[in-house]
Amino acid sequence: MKLLCGRRRLAWPVMIALFAVLSVAPEAAGQVELTARGATLRLGGQIDLHATGASTDAPDMFSIRRAWLIVDITHDEFLSGRFITDMVTATVFDANVRFAFHPGFALSFGRFKRSFDLFELESISDYLFLERSGRVPGYSACTGIGSICSYTSLTQRLLLVNRDTGLRADGRIGPFGYTASLTNGTRFGATDDNDGKSTATRAWVQVSEGLQIGMNAAYKDYVDPSGRTRYATVWGPDFGFGAYQGGLLVQAGVLTGDNWLSLSGGPGGASEPGRFVTGQLQVSIHLPTDLRRIEGVAPMLRVSVTDPDGNVDDDGGILLTPGIAAYLRGKTRITLNLDRYAPSTGSSVWAFRLGTLLHF
């Protein structure tokens, strides 16, 4: 195994030592609430440390994946806001103000996550898998998007998810809920590059306690190779049953739409984008323990199947991610994942990941 050999090595003793040190770490302090200028501030955050090794020529490495400070600001039931910054890169992730006119209608302005996809809208403090896309460092072969062909590789690189700047509406009436956003449609932190805007919507019904069925739709603006502003459509259902740290959790989603990054230009203008189809299933189960330092363990499995362009043969693949998480206190945990990607043609590649999340 490359992870154990050669001059670029992540030694097993180092990783085992890291696991042992964190296993005896004291419980993180609870979130702090302050009052300032008529508002209540709730302070929290998380620190994510990763160790990664891959079967490709990419270097094995330790990394600070996140070091977030989260500030939730509440004036009253009508006016609130959120600010999230990464203390390592000084990057602002969230900065928005929310006006709650009614339980069925609230309006936010600023930077936030686009209103699309169950897997992406889940908080990273809950989401069990260390990399949402399952990317393998050093591998980039998926039609249009590069990286691997997985559900989240497509949604992220086609700019259907992740953070953007604009307006967002959300609300819930009885078992029905929704979130809808109107944003620039650019990469995170970039200024708008055309006169179009992107829309995204996720609506759901809470069928019963723990059972939710949703539908996603997006209308994404982009500039084609001829310089024209055009729009890609993407839609698909999702499903969720259970809860994190609540026993069995099953989540599934299917999406189809325009892979606008697959366009090729020419003297006569741009071609039509290919249509992609992708589906993903995630299953985990939280099992409480009687151990002194570990409150529970959660085995997990993810399967993602993707065809990035229906006009191209044998360009898809399957991502398989087994793993296990050990919960130390609350959401603080240590996770092991193996992301194994099998393309339609060619040899499989994989990435081994060990990650810690300190939640406070």
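This is a guided tour of a predicted model, moving from the whole protein to single residues and then to pairs of charged side chains.

**The whole protein**

Begin with the full model in a secondary-structure view, in which the protein shows three helices and 18 strands. If you then colour by accessibility, 46% of the 360 residues count as buried. Contacts drawn between residues with a separation of 6 or more are a useful next layer, since 55% of them in this protein come from residues 24 or more positions apart.

**Aromatic rings**

Select the aromatic side chains next; the structure holds ten aromatic pairs. Restrict the selection to Phe 78, Phe 99, Phe 101 and Phe 105, and you have a cluster whose members are linked by ring pairs. Two further rings are worth selecting together with an arginine. At Trp 68, the side chain over the face of the ring is that of Arg 66, which lies 5.8 Å from the ring centre. At Phe 112, the corresponding place is taken by Arg 168, at 4.6 Å from the ring centre.

**Asp 117**

Move on to the loop between strand 6 (105–113) and helix 2 (118–121), where Asp 117 is located. Which side chain of opposite charge is nearest to Asp 117, and how far away is it? Select Arg 202 to see it: the distance is 6.8 Å, and Asp 117, although buried, has no salt bridge. What the side chain of Asp 117 does reach is the backbone nitrogen of Phe 119, at 3.3 Å. To display the surroundings, leave out residues up to four places away in sequence and show Tyr 151, Thr 155, Val 161, Arg 202, Asn 216 and Asp 238, which Asp 117 touches.

**Gln 251**

From there, go to strand 12 (residues 248–259) and select Gln 251. With a relative accessible area of 4%, Gln 251 is buried. Its side chain and that of Glu 122 are joined by a polar contact of 2.7 Å. Once neighbours within four places in sequence are set aside, the residues in contact with Gln 251 include Leu 118, Phe 119, Phe 239, Tyr 244 and Gln 280.

**Asp 192**

Next, select Asp 192 in the loop between strand 8 (176–183) and strand 9 (198–208). Is Asp 192 buried or partly exposed? Its relative accessible area is 26%, so it counts as partly exposed. The side chains of Asp 192 and Lys 197 make a polar contact of 2.8 Å, and, beyond the neighbours within four places in sequence, Asp 192 is also in contact with Asn 184 and Thr 186. For a view across the chain, add Thr 165: the C-alpha atoms of Asp 192 and Thr 165 are 9.5 Å apart, although their positions lie 27 residues apart along the chain.

**Salt bridges**

The last selections concern charged side chains, among which the structure holds 18 salt bridges.

Start with Glu 120 and Arg 132, whose side chains meet in a salt bridge at 3.8 Å, N to O. Glu 120 belongs to helix 2 and Arg 132 to the loop between helix 2 and helix 3 (151–157), so this pair ties together parts that are twelve residues apart in sequence. Glu 120, at 6% relative accessibility, counts as buried, and Arg 132 counts as buried at 10%.

Now select Arg 230 and Glu 272, which form a salt bridge of 3.0 Å, N to O. The pair links distant parts of the chain, with Arg 230 in strand 11 (residues 229–242) and Glu 272 in the loop between strand 12 and strand 13 (274–285), 42 residues apart. Arg 230 counts as buried at 14% relative accessibility, whereas Glu 272 is exposed, with a relative accessible area of 57%.

Finish the pairs with Arg 275 and Asp 258, where the closest N and O atoms of the salt bridge are 3.0 Å apart. Arg 275 is in strand 13 and Asp 258 in strand 12, so the bridge ties together parts 17 residues apart in sequence. At 36% relative accessibility Arg 275 is partly exposed, while Asp 258, at 12%, is buried.

As a closing selection, show Asp 224, Arg 228, Arg 230 and Glu 272 together, since salt bridges with shared partners join these residues into one network.

Technical notes
Residues numbered from 1 in each chain as written. Predicted model: local features only at pLDDT ≥ 70, side-chain atom pairs only at ≥ 80, totals over all residues. Heavy atoms only, no water. Phe/Tyr/Trp six-rings, centres within 6.5 Å; stacked < 30°, edge-to-face > 60°. Lys NZ or Arg CZ within 6 Å of the ring centre and 35° of its normal. Helix = DSSP H or I, 4+ residues; strand = E, 2+ residues; numbered from the N terminus. Buried < 20%, exposed > 50% of the residue type's maximum accessible area, 1.4 Å probe, protein only. Lys, Arg positive; Asp, Glu negative; His and termini not counted. Salt bridge = Lys/Arg side-chain N within 4 Å of Asp/Glu carboxyl O. Polar contact = N/O pair within 3.5 Å; in protein donor to acceptor, adjacent residues only side chain to side chain. Contact = heavy atoms within 4.5 Å.
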